[in-house]
Amino acid sequence: MMRKFLIAGVAMMALYGPVAAQEAVPPPATPPPVVPAATPPAAPADPFAQAIAARQVADFARRERDPHAMLTAARMLQQVPMTDGATPAQGDAAFSPDALFAEAKALARDDQALLLHIRLAQSASGRGVVASAFGKGLVRRVLDVNPRNAYRFSVTAKGGEPLRIGAIGDIGTNMYIRLLDASGKQLCLDDNADYAPVCAVTPRASGQYRVDIGNKSAARSRTVILSN
């Protein structure tokens, strides 16, 4: 009889022992909620870089006869605020929002839906915004550079800060930019048989710097000069 009780007791322990052990295990802890990292604010766009990029997109649109690309170029330039140094008598040049919108219309031809889209985009903000993350915007001057001649002017630049100057002449012309310091030392030369040269330097010291915008072509070039 005693043996039967011992066997029964062992059987009960085998039956209930694991259950008791399982009940003693604490439930897994709930992980804390994952908080997504804050997205850093976007850096303000660089107006000089956007203007030059608009010129490159316009070049692509002309090569491919693509009105949509030309519309994009016009809108890119339209959003860059500019301090325009051109006088009314000088008129405008090929590198302006209105001129690029006109090219987009010419490329669109008889596509009435696209022409309507271009007109709406052109009238959306006139010649561009007057205030934005760009700050004061670009300095823009329109002038004629005579054939095989150069236009020379001086700028005051701050040492240690980027100085960027671009010249965008008539399509097909051969333009160059040369930048010299007060001693006559050449700091930058862009002379690559292009109609839109750019010079970008960081002067070591503040002072006066000379800029030459040259036209090697046989025809006069209506030229847009951009500087930051």
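# A guided tour: exposed sites, rings and hollows

Begin by selecting N192, which is exposed, with a relative accessible area of 59%. The model on screen is a predicted one. N192 belongs to strand β6, which covers residues 186–194. Display the side chains of N192 and D190: a polar contact joins the two, at 2.9 Å. Then add M175 to the selection. M175 and N192 are separated by 17 residues in sequence, while their C-alpha atoms lie 8.1 Å apart in space.

Now zoom out and colour the chain by secondary structure. How many helices and strands are there in the chain? The chain has 5 helices and 9 strands. Read from the N terminus on, the order of the elements is α-α-α-β-α-α-β-β-β-β-β-β-β-β. The chain has 228 residues, and 35% of them are buried.

**The ring pair**

Select Y151 and F153 and show their rings. The count of aromatic pairs comes to 1. The ring centres of Y151 and F153 are 5.7 Å apart and the planes meet at 35°, so the pair is classed as tilted. The angle falls outside both the stacked class, which needs planes under 30 degrees apart, and the edge-to-face class, which needs over 60. Is each partner buried or partly exposed? Y151 is partly exposed, at 28% relative accessible area, whereas F153 counts as buried, at 15%. The cut-off for buried is under 20%.

Keep F153 in view and add R141. The charged end of R141 is placed over the ring of F153, at 5.9 Å from the ring centre. F153 thus appears in two arrangements here: the tilted pair with Y151 and the charge over its ring from R141.

**The cavity**

Move next to R55 and Y195. R55 lies over the face of Y195, 5.6 Å from the centre of the ring. Both residues also belong to the lining of the largest cavity, together with A58, R62, A94, F95, I168, G169 and I171. Select that whole set and show a surface around it. What is the volume of the largest cavity? The volume is about 50 Å³, and the structure holds 1 cavity of 30 Å³ or more. Helix α2, residues 47–64, gives the largest share of this lining, with 3 residues. By class, the lining divides into 6 nonpolar residues, 1 polar and 2 charged.

**The pocket**

For the largest pocket, select T156, P162, L163, R164 and N228, which lie nearest its centre among the 15 lining residues. The elements that give two or more residues to this lining are α2, β3 (149–157) and β4 (163–168). Of these, β3 provides the largest share, 3 residues. The pocket has a volume of about 220 Å³. Colouring its lining by class will show 7 nonpolar, 4 polar and 4 charged residues. Helix α2 is therefore worth keeping on display, as α2 is listed for the pocket and gives the largest share of the cavity lining.

**Loops**

Select T173, located in the loop between β4 and β5 (175–180). T173 counts as buried, with a relative accessibility of 10%. Add D170 with its backbone shown: its backbone oxygen is 2.5 Å from a polar atom of the T173 side chain.

The last stops are two arginines, to be examined with backbone torsions switched on. Most residues other than glycine have a negative phi. What is the sign of phi at R65? Phi at R65 is positive, at about 55°, although R65 is not a glycine. R65 is placed in the loop between α2 and α3 (67–78) and is exposed, at 59% relative accessible area.

Continue to R109, in the loop between α4 (97–108) and α5 (112–124). R109, also not a glycine, has a positive phi of about 55°. Its relative accessible area is 67%, so R109 is exposed; the cut-off for that class is over 50%.

Conventions. Residues are numbered from 1 along each chain as its sequence is written. This is a predicted model: local features need pLDDT of at least 70, side-chain atom pairs count only at pLDDT 80 or more; totals for chains, interfaces and linings use all residues. Side-chain values use heavy atoms; hydrogens and water are left out. Rings of Phe, Tyr and Trp (its six-membered ring) pair if their centres lie within 6.5 Å; planes under 30 degrees apart count as stacked, over 60 as edge-to-face and the rest as tilted. Buried means under 20% relative accessible area, exposed over 50%, partly exposed in between (1.4 Å probe, protein chains only). A charge sits over a ring if NZ of Lys or CZ of Arg is within 6 Å of the ring centre and within 35 degrees of the ring normal. On a 1 Å grid over the protein atoms alone, a cavity is a set of points where a 1.4 Å probe fits but cannot get out, and a pocket is an open set with protein on both sides within 12 Å along at least five of seven lines; lining residues have an atom within 4 Å of a point. Grid points are joined across faces, edges and corners, and a volume is the space filled by probe spheres set on the points. Helices (H or I, at least four residues) and strands (E, at least two) are DSSP runs, numbered from the N terminus. Ala, Val, Leu, Ile, Met, Phe, Trp, Tyr, Cys and Pro count as nonpolar, Asp, Glu, Lys and Arg as charged, and the others, Gly among them, as polar. A polar contact is a pair of N or O atoms within 3.5 Å; within protein, one must be able to donate a hydrogen and the other to accept it, and residues adjacent in sequence count only if both atoms are side-chain atoms.
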